[in-house]
Amino acid sequence: MQKIVYLRMKKNVTKTKRETVLLKDICFVSTNREEKKEIENITIYHITKKDKNIIVIDSFLIVKHLNKWYPHLEIQLIGPAHTIIRMKSKQEKTPILAVSFVWILLFIGAAMTIMNFHEDVSMLKVQQKLHYLLSGEQNEYPLWIQIPYSLGIGAGMLLFFNHWFQKRFNEEPSPLEVEIYKYQQDIDEYISHYENEIDDYKPPY
């Protein structure tokens with residue numbers, strides 16, 4: 001009776017240097033066989049200078065060669081069909097000047113967007129009208145409405161993005177994080193089909 005080895009490919013793996021890729025680096029392995037550690041430490045691929053910054057390894061090719069090395073085991077795949085290996089340079093210190101420039105640029109852009117929106121919907125006239133309805137007096141700048149409204153916009157943005165610097169208000173992802181996740185999924189799907197896939201995979205030994 002054959003023993004089963006379950007493999008679940010990791011979607012993304014990041015490497016900071018060109019090195020040997022082991023099976024446990026790109027797969028989760030589950031089995032009650034004594035060969036588990038041996039299987040996990042099988043060399044799958046050697047990253048060389050010829051490889052690009054993105055490498056795609058197909059799960060079917062791994063199973064194909066595992067069947068050659070361990071014909072007495074039954075290999076079953078669960079989850080993703082590819083693992084994407086991304087080569088990244090070592091973490092460098094964040095340039096404060098560049099971050100400050102981007103922060104100021106985004107701040108100005110967001111401020112201009114909010115002001116243009118308020119101008120388009122005549123927010124000042126609405127606030128003046130609201131002040132007149134509540135107090136019966138005309139006031140060109142009803143600050144008692146404008147100041148809380150401005151503070152409310154800032155508080156609303158904090159709650160919407162669910163972040164205060166590195167702190168979260170709750171465990172739910174923000175809409176921005178969800179959109180980034182969807183965008184990353186689209187990129188991974190594209191890469192798995194078109195970018196640097198190892199079609200003619202050969203074991204490294």
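Begin this tour of a predicted model by selecting Glu19, a residue that counts as partly exposed, with a relative accessibility of 26%. From Glu19, turn to Lys15, since the two form a salt bridge in which the closest N and O atoms are 3.2 Å apart. Lys15 itself is buried, because its relative accessible area is 9% and the cut-off for a buried residue is under 20%.

Keep Lys15 selected and add Asp25, which forms a salt bridge with Lys15 as well, the closest N and O atoms here being 3.5 Å apart. This second pair links distant parts of the chain, for Lys15 lies in strand β2 (residues 12–15) and Asp25 in helix α1, 10 residues apart. With Lys15, Glu19 and Asp25 shown together, you have a network of salt bridges on the screen.

How many salt bridges does the structure hold? There are three in the structure, and to see another pair you can select Asp188 and Arg86, whose side chains meet with an N to O distance of 2.7 Å. Asp188 belongs to helix α7 (residues 175–194) and Arg86 to strand β8, so that this salt bridge joins distant parts of the chain, 102 residues apart. Are these two residues buried or exposed? Both Asp188 and Arg86 are buried.

Next, move to the largest nonpolar core, which has 24 residues, and colour Leu23 and Ile26, the residues with the most contacts inside this core. To see which elements supply two or more residues to the core, select the strands β1 (3–9), β4 (27–30), β5 (43–46), β6 (54–58), β7 (73–78) and β8 (82–87), together with the helices α1 (23–26) and α3 (59–69).

Now centre the view on Leu23 and show what surrounds this residue. If neighbours within four places in sequence are left aside, Leu23 is in contact with Leu7, Val29, Ile39, Glu40, Ile42, Ile44, Ile62 and Leu66.

For the last stop, follow the chain to the loop between α4 (96–120) and α5 (123–135), where Ser122 has its place. What is the phi of Ser122 near? The angle is near 55°, which is a positive value in a residue other than glycine. Most residues other than glycine have a negative phi, and that is the background against which to look at this backbone. Ser122 is also partly exposed, with a relative accessible area of 31%.

How values were computed. Residues are numbered from 1 along each chain as its sequence is written. This is a predicted model: local features need pLDDT of at least 70, side-chain atom pairs count only at pLDDT 80 or more; totals for chains, interfaces and linings use all residues. Side-chain values use heavy atoms; hydrogens and water are left out. Helices (H or I, at least four residues) and strands (E, at least two) are DSSP runs, numbered from the N terminus. Buried means under 20% relative accessible area, exposed over 50%, partly exposed in between (1.4 Å probe, protein chains only). A nonpolar core is a set of buried Ala, Val, Leu, Ile, Met, Phe, Trp, Tyr and Cys residues joined through side-chain atoms within 4.5 Å. Contact means heavy atoms within 4.5 Å. A salt bridge is a side-chain nitrogen of Lys or Arg within 4 Å of a carboxyl oxygen of Asp or Glu.
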